[in-house]
Every structure is written in C-alpha cells, then in structure tokens.
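Got the viewer open? Keep the selection box handy, and let's walk through this one stop at a time.

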Amino acid sequence: MAKKPVLYFTPRDGERDGERDGERERTRLPLPERDDGSVSLGENVCCPSCGVRGVKVSGGNKRISQDDLAYESDAYCTSCREFVGELRLEVSTLFGLREDHAVLYGRCRVY
Ligand SMILES: [Zn+2]
C-alpha cells in the first residue's frame, strides 16, 4: 500500500527569532484540497516579510531532495513574493525518486 504524501514546511532562517537550538523547526501541513498552486501555513501564521495573516505560499524551483525520498521546493509568499522557507513533500517511493522517475517516465531501455 502506498502511503499518503506528507507535506512539511521549514521556515527560512529567522533573523529576529534569536537563537534557537539545533535545527529549524519544521511544521507538518495538511495537504491542500485543491491544487491551486498554493498552500496555507495556518490561519494564525504571518508572513515574516509582509506580515500578512494566514500566509499562503507557492512553491518554486522544485527539485528532488538530497535523500531521494521527497520533493522540495522554495516557498514564496503569495502576497509579497518573498522567499519564506522550504516545502518538502514526502511521497512513497519504490527505488528512490530518481530511479522511480527513470523507470516510470523514462524511455524504454534496451539492455
Ligand atoms: Zn509576504
């Protein structure tokens, strides 16, 4: 059974959050119900750049993650277009995403 994809958001390095130990916190987001190209970070979350409440972000510069298990993209505020963090969509993969892509979408290979 394929597991459902899981979406995470990691905020960019905060300039005014002061010190925070260790890694930046990442938040699990609900998957958007409609694919309108943006996802809300939560009703009470404000954009660190323009301060809009209930900030929505859209992804750009999509890539396969270093660990080959997820898609990552930069997250931009839909109001001010500033870079606010990173989105990571973890999906089920058989052989790692790069290999899956080669198998599923690649041309037939002759050995
Ligand atoms: Zn903004």
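## Start at strand 1

Select residues 6–11 and 83–90 together: these are strand 1 and strand 6, an antiparallel pair joined by 6 bridges. For a landmark on this seam, pick phenylalanine 9, whose bridge partner in strand 6 is leucine 87. Keep in mind as you click that this is a predicted model.

Now add residues 27–29. That is strand 2, which also runs antiparallel to strand 1, with 3 bridges between them. Tyrosine 8 marks the spot here: look across to arginine 28, its bridge partner in strand 2. Strand 1, then, pairs with strand 6 and with strand 2.

## Zoom out

Switch to a cartoon of the whole protein and count along: 6 strands and 1 helix. Coming from the N terminus, you pass the strands and then reach the helix, in the order β-β-β-β-β-β-α. Colour by burial and 14% of the 111 residues should light up as buried. If you draw contacts with a separation of 6 or more, 38% of them link residues 24 or more positions apart.

## Into the core

Next, select Phe9, Val39, Leu41, Val55, Val57, Ala75, Tyr76, Cys77, Val84 and Leu87, and show their side chains. These 10 residues form the largest nonpolar core. Strand 5 (70–77) and strand 6 each put at least two residues into this core, and strand 5 is the top contributor with 3. As a rule, nonpolar side chains in soluble globular proteins tend to be buried together. You have already met two members of this group, Phe9 and Leu87, which are bridge partners as well.

Centre on valine 57. What does it touch, leaving aside residues up to four places away in sequence? The list is Ser38, Val39, Leu41, Ala75, Tyr76, Cys77, Thr78 and Val84. Among these, Val39, Leu41 and Val84 belong to the core too.

## Last stop: the helix

Jump to residues 97–105, helix 1, and pick arginine 98. Is arginine 98 buried or exposed? It counts as exposed, because just 11 C-beta neighbours lie inside 10 Å, and the exposed class covers 12 or fewer.

Arginine 98 still has company from elsewhere in the chain: beyond residues up to four places away in sequence, it touches Ile64 and Asp68. Put a distance label between the C-alpha atoms of arginine 98 and aspartate 68, and you should read 6.7 Å, for a pair 30 residues apart in sequence.

Conventions. Residues are numbered from 1 along each chain as its sequence is written. This is a predicted model: local features need pLDDT of at least 70, side-chain atom pairs count only at pLDDT 80 or more; totals for chains, interfaces and linings use all residues. Helices (H or I, at least four residues) and strands (E, at least two) are DSSP runs, numbered from the N terminus. A residue is buried if 20 or more other C-beta atoms lie within 10 Å of its own, exposed if 12 or fewer, and partly exposed in between; C-beta atoms are placed from the backbone. Two residues are in contact if their C-beta atoms, placed from the backbone, lie within 7 Å. Two strands pair if DSSP finds at least two bridges between them. A nonpolar core is a set of buried Ala, Val, Leu, Ile, Met, Phe, Trp, Tyr and Cys residues joined through C-beta atoms within 7 Å.
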